[in-house]
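Morning, everyone. I have one structure to walk through today. Please pull it up and follow along.

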Amino acid sequence: MSSIGTGYDLSAAQFSPDGRVFQVEYALKAVENSSTAVGIKCKDGIVLAVEKLISSKLHEKDSNQRICNIDSHIGMAVAGLLTDAREVVDIARSEAANYRAQYSAPVPLKYLVERVASYVHAYTLYAAVRPFGASVLLASFVDDKPELYMVDPSGVALGYNGCAIGKARQGAKTEIEKLKLGELTCEEALKEAAKVIYVVHDEVKDKSFQLQMSWVGTNSKGRHQRVPEELVESAEAYAKQSMEESDSDDE
């Protein structure tokens with residue numbers, strides 16, 4: 001760290017002389033050290049895909065999920081410290097349940113995102129706590145309208161047509177920008193999302209990973225669900241074939 005930051009990184013409640021909050025920057029760095037997650041908005045829904053790194057062959061296949069249900073119509077994909085992300089998942093589920101109990105209606109995603117972002121931001125204001133080392137993607141499909149938001153450790157919430165978080169965020173963003181997002185269906189986006197994850201995966205540092213995918217849209221009748229295994233396998237086969245063709249073209 002530069003000398004100007006010395007002593008200003010001990011508390012999230014303290015600004016450095018050049019206007020930086022180092023604790024929040026460290027939290028963002030924790031997200032960048034995590035596996036990659038992407039979200040793609042389609043004309044008939046949202047697709048979420050996560051690169052779940054496998055650190056040991058002894059781990060069960062579906063342990064430590066990085067894609068969660070928040071409500072029947074809302075899904076969340078996380079990157080960063082998984083234990084921190086679980087707390088964000090819990091508060092989102094609590095807010096969704098409270099809204100449904102009070103208004104007898106499913107919570108609007110924009111309202112939920114604002115509540116979650118305010119909660120995350122509160123952890124950047126006090127010396128007694130530290131920021132969450134996790135970013136989350138929230139997806140919903142209500143009244144034929146797909147919505148995708150990202151909340152980062154600073155509490156900033158932004159809406160996206162396509163978004164990536166995690167260690168290969170920039171590379172994944174570049175790949176997503178090549179897609180015609182407004183024209184893709186969810187089934188087409190499954191293949192493209194899998195391709196993005198495979199393209200940005202670092203085979204040298206992270207040799208093994210599991211591709212986790214979910215969607216919410218017309219195919220799932222407006223409910224957030226895990227993508228059927230046969231469709232995930234088909235998407236992975238497409239991604240591997242595309243990479244092989246790209247390698248052969250380079251040669």
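Let's start in a loop. L125 sits between helix 3, residues 109–122, and strand 5, residues 134–142. Keep in mind that this is a predicted model. Is L125 buried, exposed or partly exposed? Its relative accessibility is 41%, so L125 counts as partly exposed. L125 also has company on the surface. Together with Y126 and V129, L125 makes a nonpolar patch of about 270 Å².

Now the sheet. Find the open one with 5 strands. What is the strand order? Reading across, the order is 8-1-2-9-10, and the pairing is antiparallel. Which strands stand at the edges? Those are strand 8, residues 162–165, and strand 10, residues 225–226. Each has a single partner strand, so one side of each is left without a neighbour in the sheet.

Move inward to strand 1. Strand 1 covers residues 37–42, and strand 2 covers residues 45–53. How many bridges pair these two? There are 6, in the antiparallel sense. The two strands form a hairpin, with 2 residues between them. If you want to check the register, take two positions. G39 stands opposite L48 of strand 2. A37 has V50 as its bridge partner, again in strand 2.

Strand 1 has another partner, strand 8. These two also run antiparallel, and 4 bridges join them. Here, V38 of strand 1 faces A164 in strand 8. One general reminder while you look at the side chains: in a regular strand they alternate between the two faces of the sheet.

So how enclosed is strand 1? Of its 6 residues, 5 are buried, so strand 1 is largely enclosed by the rest of the structure.

Next, the helices on this sheet. Helix 4 spans residues 169–177 and lies across strand 1 and strand 8. Its direction is about 165° to strand 8. Helix 5 spans residues 186–200. Which strands does helix 5 lie across? They are strand 1, strand 2 and strand 9, the last being residues 209–217. Helix 5 runs at about 150° to strand 9. Strand 1, then, is crossed by helix 4 and by helix 5.

On to charges. Side chains of opposite charge can pair when their charged atoms come close. How many salt bridges does a search of the whole structure find? The count is 8. I'll show three of them.

Go to R20. R20 forms a salt bridge with E25, at 2.9 Å from N to O. R20 also forms a salt bridge with D18, where the closest N and O atoms are 3.8 Å apart. How open are these side chains? R20 has 31% relative accessibility, so it counts as partly exposed. D18, at 39%, is partly exposed too. E25 comes in at 28%, again partly exposed.

Now the other one, R100 with D71. Their closest N and O atoms are 3.1 Å apart. Why pick this pair? R100 lies in helix 2, residues 82–103, and D71 lies in strand 3, residues 67–71, so the pair ties together parts that are 29 residues apart in sequence. R100 is partly exposed, at 33% relative accessibility. D71 is buried, with a relative accessible area of 13%. The cut-off for buried is under 20%, so D71 qualifies. Back at R20, the shared partners matter for the picture: salt bridges join D18, R20 and E25 into one network.

Last stop, the backbone. Two residues have a positive phi although they are not glycines. S104 has a phi of about 55°. D144 has a phi of about 60°. Where do they sit? S104 is in the loop between helix 2 and helix 3. D144 is in the loop between strand 5 and strand 6, the latter being residues 145–151. Are they buried or exposed? S104 has a relative accessible area of 67%, so it is exposed. D144 is exposed as well, at 63%.

To recap. Strand 1 pairs with strand 2 over 6 bridges and with strand 8 over 4. R20 is part of a salt-bridge network with D18 and E25. The nonpolar patch on the surface is L125, Y126 and V129. That's my tour. Over to you.

How values were computed:
Residues numbered from 1 in each chain as written. Predicted model: local features only at pLDDT ≥ 70, side-chain atom pairs only at ≥ 80, totals over all residues. Heavy atoms only, no water. Patch = residues over 30% accessible without salt bridge, like charges linked within 9 Å, V, L, I, M, F, W, Y side chains within 5 Å. Areas by Shrake-Rupley, 256 points an atom, 1.4 Å probe, with all protein chains shown as cover. Salt bridge = Lys/Arg side-chain N within 4 Å of Asp/Glu carboxyl O. Buried < 20%, exposed > 50% of the residue type's maximum accessible area, 1.4 Å probe, protein only. Pairing = 2+ DSSP bridges. Contact = heavy atoms within 4.5 Å. Axes fitted to C-alpha atoms, helices over the stretch in contact; angles between N-to-C directions.
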